[in-house]
Each structure stands twice: as C-alpha cells, then as structure tokens.
Amino acid sequence: MAKAEISGLGMYVPPRTITNQDLEKILDTSDEWITTRTGIKQRRIAEEWEKASDLALPAAKEAIENSGISPKDIDAVIVATSTPDMTFPSTACFLSDKLGCSKPMAFDISAACSGFIYGLTVGNSFITSGQFNNVLVVGAEVFSQIIDWGDRSTAVIFGDGAGAVVLSKTEEEKGILSAVMKSDGSHWGSLYCPVGEKLRMRGRETFKLAIKSMETASKKALSKAGISLDDIKLVIPHQANIRIINALAERLEIPEEKVFSNIHKYGNTSAASIPIAMYEAYKEKKFQKGDYLLLTAFGGGLTWGAVVLKF
C-alpha cells in the first residue's frame with residue numbers, strides 16, 4: 001500500500017519583529033511577566049496589507065523546491081488557516097494561482113491551531129487512496145489582524161507566519177504511520193473569534209484542555225502506529241505556551257530536550273506553528289531521514305490531534 005512521505009519543507013515569517021519590550025510601551029505588562037507565563041520573547045507581525053496567501057507563498061515555494069518537483073506536479077493544495085484572505089474564494093485557490101499550479105484541487109481547513117495536523121491527515125488519505133501523488137499542505141496565519149492589541153491576555157501570545165510541506169507518494173516503509181483527530185464543540189467558548197470581531201480566550205480553561213487533549217491523542221497515535229515513545233526521536237507540539245509544552249513532556253514522561261520548541265522567537269502562530277517548528281528542527285539537525293516524529297496540537301473548536309510519522 002502506498003504511503004505519504006514528507007518530501008519537502010518550507011517556512012516563512014514576516015521580517016517585522018515585535019519584542020516584549022515593544023509591548024511594554026502599549027500594555028500593562030513586562031518582559032518578565034510575558035516570558036514567565038508564555039516563554040515568548042518576540043513575535044513576527046505581518047504588514048497590514050499582507051494576507052495569509054502572501055505568507056504562504058514563499059513557504060510553499062521552498063517546500064516544493066526542496067521536494068524536487070514542479071508546482072505543476074501538485075495535485076492538491078490544502079491551506080490550514082483561521083485568518084483566510086477572504087471568506088471565499090479559499091486561500092488555497094489564491095495560493096495555487098500564485099504558485100502557477102496546474103488547476104489542482106484546492107481548499108482551506110478551519111480547525112484553528114490543529115489545522116495543520118488535520119491537513120496532513122486529509123492529504124495523507126488522498127495519497128494512500130491512490131487519488132493523488134503530491135499534496136501541498138500549508139499552515140498560514142495573520143493572527144495580528146484578529147488580535148485585540150489592548151487585551152494583555154492574548155496580545156502577547158500570537159504571531160504571524162507560514163509553514164509548508166509537500167506530501168508525496170512512496171512505496172517505502174516511511175511517511176505518515178498513524179493519525180488521531182478529535183473535536184468537542186461544547187468547549188467552543190474556551191477559544192473563539194466571532195466573525196468581524198477579535199479573538200477571545202479563557203486562559204486557564206484552555207491550558208487544562210490543551211494538556212489533556214494532546215496527551216491523550218499522542219498516546220493513541222503511538223498505539224495505532226505500533227511504536228513507543230522510546231522510538232520517537234522528537235516530539236513537535238503546537239507552540240502555544242511553554243508551560244503547556246513542558247507540562248505535556250511531563251505527562252508523557254519524556255525529557256524536555258526531546259520536545260522541540262521555538263516559541264520564544266515566534267510566539268503562537270496557530271496552524272503555522274508545527275510546520276515552522278518542524279522546518280527549524282530539521283535545519284538544526286534535531287532529526288534526520290528515517291527518524292520517528294510525533295506531532296500534536298490543539299485549537300479552538302475544541303479541536304485536537306496527533307500524527308506519528310517516519311521522516
């Protein structure tokens with residue numbers, strides 16, 4: 001049976017940086033308060049005119065180039081985003097046009113911070129079913145445009161960016177081995193953004209739900225894949241909050257150094273956080289071809305999930 005391997009990685013963050021010291025000037029906060037509670041030191045912020053597809057484009061181009069194929073070889077474009085260019089057409093349609101793809105299937109996924117994990121799962125299904133050979137999966141967010149910059153509880157957390165992977169058909173024993181996807185709409189009030197309004201979050205409730213959901217999904221995904229945490233080279237969780245990341249490591253009983261984090265540089269980039277983290281972890285040689293990875297995320301919905309793959 002064919003499998004879907006990650007054949008290319010790419011990322012992009014806008015050059016504009018807002019540090020904790022910058023936020024001290026507009027909010028009743030401090031670098032020490034933000035760092036202690038979130039682990040974030042700075043975040044990247046897009047220009048007002050930039051859209052999700054603008055950030056997705058360079059990330060997607062790099063992923064496609066690294067995969068060794070052409071944009072015209074892409075059969076499907078999936079963009080995970082909570083900040084689309086428009087209500088419709090989809091951001092994926094805009095992106096596929098900018099890339100010069102050859103009329104691929106294109107659509108967005110709205111699963112908040114779990115969106116990239118959802119997208120990987122859908123892309124994997126397209127390939128293993130024999131429908132497609134190459135699927136581009138992108139997480140792209142401009143959360144700065146839905147943040148209330150006067151709300152200290154959320155303004156310090158989020159940043160903008162994009163990460164992308166190309167999933168390609170392979171007959172080798174590698175690629176995505178298992179996936180667990182869940183949701184619970186009864187918890188929608190913990191993290192949400194009404195149409196035309198700003199993001200709202202109940203921090204303590206979100207914190208508890210995040211740890212429990214990612215722990216449960218991770219263990220189920222490992223069980224489905226038939227491997228243990230000892231086999232995993234690196235855990236790459238959604239970059240939501242350093243306390244959540246550390247608590248997850250504790251729940252899974254793994255050393256913190258086995259869990260990758262770059263939240264200090266980019267903040268919470270929602271659906272873009274896992275592909276950005278995966279890209280940087282690979283560049284830093286935290287894992288290599290043949291290693292097992294565990295990806296896990298949670299987001300508004302409530303949505304959550306985990307993927308186990310052999311890179």
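How do α7 and α8 lie with respect to each other? The close-ups below start with that helix pair and come from a predicted model.

**View 1. Helices α7 and α8 pack against each other at an angle of about 40°.** Their axes sit 10 Å apart. Angles under 35 degrees would count as roughly parallel, so α7 and α8 are oblique to each other. As for handedness, the α7 and α8 crossing is right-handed. On the α7 side, look for Phe207, Ala210, Ile211, Lys212, Met214, Glu215, Ser218 and Lys219. They meet Arg243, Ile244, Ala247, Leu248, Arg251 and Leu252 of α8. Sorted by class, this contact of α7 with α8 has 8 nonpolar, 1 polar and 5 charged residues.

**View 2. The second largest pocket borrows part of its lining from α7 and α8.** This pocket has a volume of about 510 Å³. It is lined by 22 residues, and Ile157, Met201, Gly203, Arg204 and Asn241 are the ones nearest its centre. Four elements, α2 (31–38), α7 (203–225), α8 (242–252) and β12 (292–299), each chip in at least two lining residues. Helix α7 gives the most, with 4 residues. Split by class, the lining of the second largest pocket comes out as 11 nonpolar, 8 polar and 3 charged.

**View 3. The largest pocket has a volume of about 720 Å³.** Its lining takes in 26 residues. To find the middle, head for Ser82, Thr83, Pro84, Ile146 and Cys193, which are the closest to the pocket's centre. The lining of this largest pocket has 15 nonpolar, 8 polar and 3 charged residues.

**View 4. Helices α3 and α4 cross at roughly 50°.** Here α3 covers residues 52–67 and α4 covers residues 91–99, and their axes come within 9 Å. With that angle, α3 counts as oblique to α4. The crossing of α3 and α4 is right-handed. From α3, the contact uses Ala52, Ser53, Asp54, Ala56, Leu57, Ala60, Lys61 and Ile64. From α4, Thr91, Phe94, Leu95, Lys98 and Leu99 take part. By class, the contact of α3 with α4 breaks down into 8 nonpolar, 2 polar and 3 charged residues.

Definitions and conventions
Residues are numbered from 1 along each chain as its sequence is written. This is a predicted model: local features need pLDDT of at least 70, side-chain atom pairs count only at pLDDT 80 or more; totals for chains, interfaces and linings use all residues. Side-chain values use heavy atoms; hydrogens and water are left out. On a 1 Å grid over the protein atoms alone, a cavity is a set of points where a 1.4 Å probe fits but cannot get out, and a pocket is an open set with protein on both sides within 12 Å along at least five of seven lines; lining residues have an atom within 4 Å of a point. Grid points are joined across faces, edges and corners, and a volume is the space filled by probe spheres set on the points. Ala, Val, Leu, Ile, Met, Phe, Trp, Tyr, Cys and Pro count as nonpolar, Asp, Glu, Lys and Arg as charged, and the others, Gly among them, as polar. Axes are lines fitted to C-alpha atoms, for helices over the stretch in contact, and angles run from 0 to 180 degrees between N-to-C directions. Angles under 35 degrees count as roughly parallel, over 145 as roughly antiparallel, 65 to 115 as roughly perpendicular and the rest as oblique. A crossing is left-handed if the near helix is turned anticlockwise from the far one by less than a right angle, and right-handed if clockwise. Contact means heavy atoms within 4.5 Å.
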